[in-house]
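Thanks for taking a look at this one with me. My notes are set out below as short numbered points.

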Amino acid sequence: MRKTARFAAVAMAAALTLSACGSDDGADEGTDNGDAPAATSDVKVGMAYDVGGRGDQSFNDSAAAGLDQAVEEFGMEAQESEAEDGEAESAREERLRTFADAGYDPIIAVGFAYAASIAKVSEEYPDVNFAIIDDSSVEADNVASLVFAEEQGSFLVGAAAALKTETDQIGFVGGVETPLIQKFEAGYVAGAEAVNPDIEVDVTYLTQVPDFSGFADPAKGKTAAQGMFDNGADIVYHAAGGSGGGVFEAASESDNLAIGVDSDQYNTADPSVQDVILTSMLKNVNVAVYEYLSDVEAGDVPSGVTTYDLAVDGVGYSTSGGFVDDIVDQLDEFKQQIIDGEITVPTAP
Amino acid sequence: MKDPRLVKLGLGLAAPVLALLLAFLITSLVLVVAGDPVGEVWSTILGVPEERNIANILNNATVLYLSGLAVAVGFRMNLFNIGVDGQYRVAAFVAAVVAGEAWLPGAANTVLAILAAMLAGAAWAGIAGVLRARRGVSEVISTIMLNFIATGLVAYFLRRVAVREEGSNDIGTKEIPEGSRIPGFSIGDGPTEVYGFIFLAALAGFVYWFVLNRTRFGFDLRATGRSTTAAVASGISVTKMTVVAMLISGAVAGLVGLPLLFGDSYSYGSTFQSGLGFAGIAIALLGRNHPIGIAIGALLFAYLDEQSNPLQILVGVSPDIVAITQGVIVLTVVISYEVVRRYGVRLEQHAVARALEADRQEARA
């Protein structure tokens with residue numbers, strides 16, 4: 001009988017919590033209203049991140065920076081949601097629908113994984129505007145595709161690596177072997193070979209699809225880069241998101257150099273590895289998101305494909321730290337040749 | 001209270017009710033500690049789902065159910081098949097290639113692809129089965145390792161056969177022709193259809209129950225799982241049962257990805273759902289290896305998964321709370337069943353002692 005009493009006690013406790021929850025409700029709604037900023041814009045942005053979400057120090061963060069800038073400047077209201085590793089296709093669709101049903105417009109999907117769900121949901125909600133980053137396969141009046149010429153930016157940092165290397169051997173660490181990351185590789189190799197046709201480029205990928213952990217595993221990045229440095233390379237370029245931290249560490253420990261990706265990592269990486277970051281390939285997702293949102297704010301909602309390439313400074317290279325100051329002229333010459341179409345950078349290795 | 005059948009029924013109901021209440025309590029505590037709006041979270045989670053959400057839940061549950069069944073087959077034989085994850089990915093890829101190539105027309109193509117998937121899953125699991133039976137390698141270790149090999153192997157072959165749409169960064173196998181897809185059905189007028197594969201999943205559950213409980217083979221399998229020495233004594237070949245159990249577990253695992261393949265994505269690509277094998281372990285535990293229990297577990301998990309987006313977007317709570325709730329439920333179920341079982345044993349002991357005492361007094365009188 002004592003046991004029965006104990007069960008009853010547990011049940012009672014649960015019931016009490018339940019009623020406590022009920023009374024919580026009203027109070028919380030009150031604070032929610034108090035939190036709302038003084039809005040000057042009636043645009044409600046729904047932001048659907050890829051796996052990792054805000055805080056991944058890479059791709060998603062760059063998109064988040066663009067959103068933050070727009071929110072601050074225009075006083076837009078924004079809500080965010082992130083994908084979970086190994087989620088169903090229906091979960092991505094449902095994320096977009098939940099945003100649409102709750103009145104968010106536009107809805108920005110960060111990452112190519114959303115391509116199929118954007119195609120489906122944009123059809124169900126023809127009056128809502130959507131944008132997708134890194135994909136241009138969806139054609140609809142209410143969908144804007146924001147894509148980047150990653151190979152062009154990678155070409156320039158490849159050229160920088162070839163100009164700076166002392167061993168004529170450089171490396172590339174890709175996060176996950178997808179067509180997207182292969183674009184980085186292709187441009188990098190082409191840029192290096194444009195400077196020195198005999199240069200040796202070591203290439204490795206940390207994981208294979210559907211294992212996307214290669215974008216978030218610094219230990220794997222470190223091991224891969226270490227192997228390249230041991231093998232005679234002296235500069236390694238990473239396109240591996242969060243795993244890049246490991247590449248910087250390996251470069252720092254072995255007194256070699258590394259090249260960052262997406263944002264100017266000289267400014268965002270750990271200060272202890274700052275002095276090994278030769279340059280960074282800039283992929284200005286933040287600019288794309290901000291420009292899209294400012295068009296929306298102006299009432300001129302974009303649709304169709306917008307390519308962010310060297311010509312519009314959608315991609316590029318960073319000069320923070322001053323390591324590439326002496327070769328800026330050569331790099332800018334390559335840049336101009338690409339813009340003028342004299343050099344066509346390959347998009348696949 | 002005194003009717004033993006009523007007591008048994010009461011105890012049977014007490015365990016899951018206790019588990020859910022405990023899980024509710026613990027999750028609420030986590031929410032309070034995290035400073036999240038507890039009431040809003042529960043009212044969102046317990047709210048009535050829309051038609052399209054019901055379709056999603058049923059679809060997700062179909063997939064999870066098959067995964068749970070695959071793991072449960074192993075559990076019944078005292079084998080811990082952690083490799084369902086690798087097995088279903090190898091199998092889904094094989095099925096996607098076979099169905100995409102469309103060597104046979106229409107439904108015959110579908111049947112061929114399903115058989116190919118079951119064979120591929122069985123073969124992949126069979127490696128671990130043979131290693132266990134012949135060399136005594138723990139299936140826990142070998143299936144984990146085989147998961148990694150499966151990932152690498154499938155990625156390698158996917159790149160070989162992959163087709164890529166213009167402008168897309170996704171790669172995948174050739175799409176399955178329309179005639180070979182498995183049609184779904186709608187609930188109300190929601191945009192999402194329920195997979196037709198749900199009926200095959202239910203059939204798989206029935207076959208599982210029938211084979212295990214109504215055939216000599218099922219008896220042998222359960223006997224070997226309970227006690228190998230007893231099984232050997234009654235003339236069962238443990239080596240054979242180990243391999244066969246792994247083969248069956250793998251064949252069922254081969255079905256896991258197919259509802260997605262034939263009802264939703266129509267190809268295997270870089271965004272194909274991963275991690276389903278691990279969810280299956282939790283669901284088999286939750287369902288206590290019983291086909292109905294696994295179905296309830298799968299529905300519960302699918303239901304919670306479906307709340308992850310509204311929680312984030314409408315309430316502003318991290319979707320991790322869903323994962324925490326799921327984990328807590330598995331733990332509380334395991335614990336509360338044990339607590340209730342012990343309580344039941346205690347009750348029986350008391351009853352027997354009382355009966356004996358009464359007998360003795362009668363004899364004395």
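**Notes on chain A**

1. Helix 8 of chain A is followed by A:Asp255, which has a positive phi, near 65°. Helices here are DSSP runs of H or I with at least four residues, strands are runs of E with at least two, and both are numbered from the N terminus.

2. Please keep in mind that this is a predicted model, where local features need pLDDT of at least 70, side-chain atom pairs count only at pLDDT 80 or more, and totals for chains, interfaces and linings use all residues. Residues are numbered from 1 along each chain as its sequence is written, chains are lettered from A and ligands numbered from 1 in the order in which they are written, and side-chain values use heavy atoms, leaving out hydrogens and water.

3. Which residues of helix 8 (residues 244-253) are buried, meaning under 20% relative accessible area with a 1.4 Å probe and protein chains only? They are A:Gly244, A:Gly246, A:Val247, A:Phe248, A:Ala250 and A:Ala251. Their cover includes helix 7 (218-230), strand 8 (235-239) and strand 9 (257-262) of chain A.

4. Chain A also has an open sheet of six parallel-paired strands in the order 2-1-3-4-5-11. Strand 2 (77-82) and strand 11 (304-308) each have a single partner strand, so one side of each lacks a neighbour in the sheet. Pairing requires at least two DSSP bridges between two strands.

5. Strand 5 (residues 143-148) and strand 11 of chain A pair in parallel over five bridges. A:Ala144 has A:Gly304 in strand 11 as its bridge partner.

Technical notes: Buried < 20%, exposed > 50% of the residue type's maximum accessible area, 1.4 Å probe, protein only. Contact = heavy atoms within 4.5 Å.
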